[in-house]
Amino acid sequence: MTTTRNGAPPVEGVITRDTPVGYELVGVKKKAAIQLMGSRLWGRFNPNHWDPVYAAETGLDAPIQTGEMSTAYIAEMCVNHFGRNFFVGSQMNCKYVASTLANEVITTYGVVREKTPKGGGFRFKVEVWADNDDGQRKTVGWVEADVDV
Amino acid sequence: MTSTRPATDDLRPMTEIQVQQTRDFVDSLNEKSQTYWDMVTVGDELSRDLHLTPELVILYADGVEDYNPWYEGWLMNRWHVEGESPFGPAIVPPMLVSHFVLSVQFDHTKPFAIGTIHTSHESQLFAPIPVGATVRIHTKAIDKFVKRERRYVRHEVTVTDVETGTLYFTETRDNLSR
């Protein structure tokens, strides 16, 4: 996959007007680290996100990540592939179908499912999801973004 | 006999004083908390303004280990910088404002409804948000419903620039209440 010298995604992304339906995005992989899950800006307001005792009292097997962390991981993958195009006129839908537990490793995935002519370019529709290392699905959804429109 | 109940320090090392501080903190959160279902009436509208400082953006991005330099309006050693993105100066990560919606939809003048779980969102991104902008996050409770014996609250959200009125972001989101 194309990257740049300072670690930024390519400005125009790697999905171009020539990218076919079926193209598989390269995901990102993250560990659900309890220190990040319970940081003030993310989950500290809700002990379900970092306290094993409170999580157990509410019926959870372990503290769970905020779903928005999965959304952020999937968005990072999309920015890597759509570049600047992901910030203008895009759509992102996610459903958190299972909880991400502390210490799980999560990988994001995406496949281009549709490509519709729009303006001078195309609107791409990408199925996205996030799984743990056992293949258990945690988040499902889809995104849409314009290229060359 | 070994207890199967989890301990406060199961997932990170702590001394006795850290464990006690943690238990005290959780107890304080739990004290006055209502369920979210009881807090919300369909039609409730709430709005707050949020200044997207460079430091706030860094805290968000570091929490999800997203090190894209487009989001950097603050750098160690140099501190405040204009930054650089495809749109000029630094911008905020695409879904950042979605994370702050909860601080609006959960009326911040009341104790937070801990135990609530965010279950889905449908989000539209209209324009990049510059680091340093002040955005107005407006939420409206549009539905409360029960599905498979679970209680959900649904909100509509808009995010606009306080100064220019630019519409940046809209969203529909569901939360599962205790």
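Visitor: How should I read the share of long-range contacts in chain A, counting those with a separation of 6 or more?

Guide: In this predicted model, 63% of the contacts in chain A with a separation of 6 or more are made by residues 24 or more positions apart. The general idea is that a contact is counted when two C-beta atoms lie within 7 Å, and each such pair is then sorted by its separation along the sequence. For chain B, where contacts between residues at least 6 apart are considered, 67% join residues at least 24 apart.

Visitor: Which elements make up chain A, and in what order do they run?

Guide: Chain A has 3 helices and 6 strands, and reading from the N terminus on gives β-β-α-α-α-β-β-β-β. Its C-alpha atoms fill a box of roughly 55 × 30 × 25 Å along the principal axes, and buried residues account for 47% of its 149 residues.

Visitor: What does the corresponding description of chain B look like, and how many helices and strands does it have?

Guide: Chain B has 5 helices and 7 strands, and from the N terminus on these follow the order α-α-β-α-β-β-α-α-β-β-β-β. Taken along the principal axes, the box filled by the C-alpha atoms of chain B is roughly 60 × 45 × 30 Å, while 34% of the 178 residues of chain B count as buried. A residue enters that share if 20 or more other C-beta atoms lie within 10 Å of its own.

Visitor: Turning to the interface, how many residues does the contact take from chain A and from chain B?

Guide: The contact draws 46 residues from chain A and 42 residues from chain B. On the side of chain B that touches chain A, at least two residues each come from helix H1 (16-31), helix H3 (54-63), helix H4 (96-100) and strand S4 (117-125). Of these elements of chain B, S4(B) gives the most to that side, with 8 residues. By character, the residues of the side of chain B that touches chain A divide into 23 nonpolar, 13 polar and 6 charged.

Visitor: Which strand of chain A is joined to S4(B), and do the two run parallel or antiparallel?

Guide: Pairing between strands is read from the bridges that DSSP finds, at least two being required. Here strand S3 of chain A, residues 90-96, is joined to S4(B) by 6 bridges, and the two strands run antiparallel.

Visitor: Which residue of S4(B) stands opposite Asn93(A)?

Guide: Asn93(A) has Glu122(B), a residue in S4(B), standing opposite. The strand that holds Glu122(B) is thus also the one that supplies 8 residues to the side of chain B that touches chain A.

Terms used. Residues numbered from 1 in each chain as written. Chains lettered and ligands numbered in written order. Predicted model: local features only at pLDDT ≥ 70, side-chain atom pairs only at ≥ 80, totals over all residues. Helix = DSSP H or I, 4+ residues; strand = E, 2+ residues; numbered from the N terminus. Nonpolar A, V, L, I, M, F, W, Y, C, P; charged D, E, K, R; others polar. Buried ≥ 20, exposed ≤ 12 C-beta atoms within 10 Å, placed from the backbone.
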